[in-house]
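User: Could you take a close look at the place where the ligand sits and walk me through what surrounds it? I'd enjoy one connected account.

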Amino acid sequence: MGDPLTVSAHLAGVVVHGAGRGRGLGFPTANVAADPGSPVPPPAIYSGWVVRHSTGVVHHGTISIGSNPTFCDTTDVHVEVYCHDTSDQFYGERVEVWFVARIRDTVKFASPEDLVRAARQDVLRSEELLASDHARRVLDDALATYRRTASF
Ligand SMILES: Cc1cc2nc3c(=O)[nH]c(=O)nc-3n(C[C@H](O)[C@H](O)[C@H](O)COP(=O)(O)O)c2cc1C
């Protein structure tokens, strides 16, 4: 049995346009439309690896799955990936998200500033989790799958 915080899941999909709010918050996210049948973990904030198919580069990510209750969006569940190590936009590109650990529940914050404060902490926690042995094993699986499935 692993740590209860660890997550064994990955999803694949294409990056689509979101509400366009993230950049203004200082947390630009890639909104992923999961492929039909690709399992989406329950709403929460997660750490994980983001495999960008066009380059084969694996990015460090913090992932928000939820309906963005702070902004009273809709009940639609968004999969949003914040990459720690690039400011590139991936619109139209295929990505795979390999979840490493669950960080916290999604919260309806009183203000965008409170959300940004929490998101900064999430990214720090995510980096700690991505340095774990479990994360290394997930990365090995992600790379092996990418090499098997990517068309060269
Ligand atoms: C690290 C991180 C944590 C987040 N946590 C929450 C949260 O707890 N509550 C919430 O309403 N939205 C949360 N979000 C989602 C933001 O509301 C969302 O990224 C923002 O509204 C931009 O959406 P857009 O890409 O559709 O413009 C989080 C996003 C990130 C990157």
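Analyst: Happy to. Helices and strands here are DSSP runs, with at least four residues for a helix and at least two for a strand, numbered from the N terminus. One caution before we go in: this is a predicted model.

Let's start with the shell. The ligand is surrounded by 24 residues, and Ala19, Arg21, Glu80, Arg104 and Val107 are the closest of them. By residue type, that shell splits into 10 nonpolar, 10 polar and 4 charged.

Some of the side chains make polar contacts with the ligand. Arg21 has a side-chain N or O atom 2.5 Å from a ligand oxygen. For Arg104, a polar side-chain atom is found 2.8 Å from an oxygen atom of the ligand. Ser64 faces a nitrogen atom of the ligand instead, with 3.5 Å between that nitrogen and an N or O atom of the serine side chain. As for cover, the ligand on its own would expose 630 Å², and the protein buries 98% of this area.

Which elements build the shell? Two or more residues each come from α1 (22-25), β4 (58-66), β5 (78-83) and α2 (112-130). Among these, α2 contributes the most, with 3 residues.

Now step back to the space itself. The ligand occupies the largest pocket, whose volume is about 770 Å³. This pocket is lined by 42 residues, and those closest to its centre are Gly22, Phe27, Pro28, Thr29 and Glu80. At least two lining residues come from each of α1, β2 (30-34), β4, β5 and α2. In the lining, β5 gives the most, with 5 residues, whereas in the shell around the ligand that place belongs to α2. The lining comprises 20 nonpolar, 15 polar and 7 charged residues.

Glu80 is a good residue to keep in view: it is among the closest to the ligand and also among the closest to the pocket's centre.

Conventions: Residues numbered from 1 in each chain as written. Predicted model: local features only at pLDDT ≥ 70, side-chain atom pairs only at ≥ 80, totals over all residues. Heavy atoms only, no water. Near = heavy atom within 4 Å. Polar contact = N/O pair within 3.5 Å; in protein donor to acceptor, adjacent residues only side chain to side chain. Areas by Shrake-Rupley, 256 points an atom, 1.4 Å probe, with all protein chains shown as cover. 1 Å grid on protein atoms, 1.4 Å probe; cavity = no way out; pocket = protein on both sides within 12 Å on 5 of 7 lines; lining within 4 Å. Sits in = over half its atoms within 2 Å of the grid points. Nonpolar A, V, L, I, M, F, W, Y, C, P; charged D, E, K, R; others polar. Points joined across faces, edges and corners; volume = space filled by probe spheres on them.
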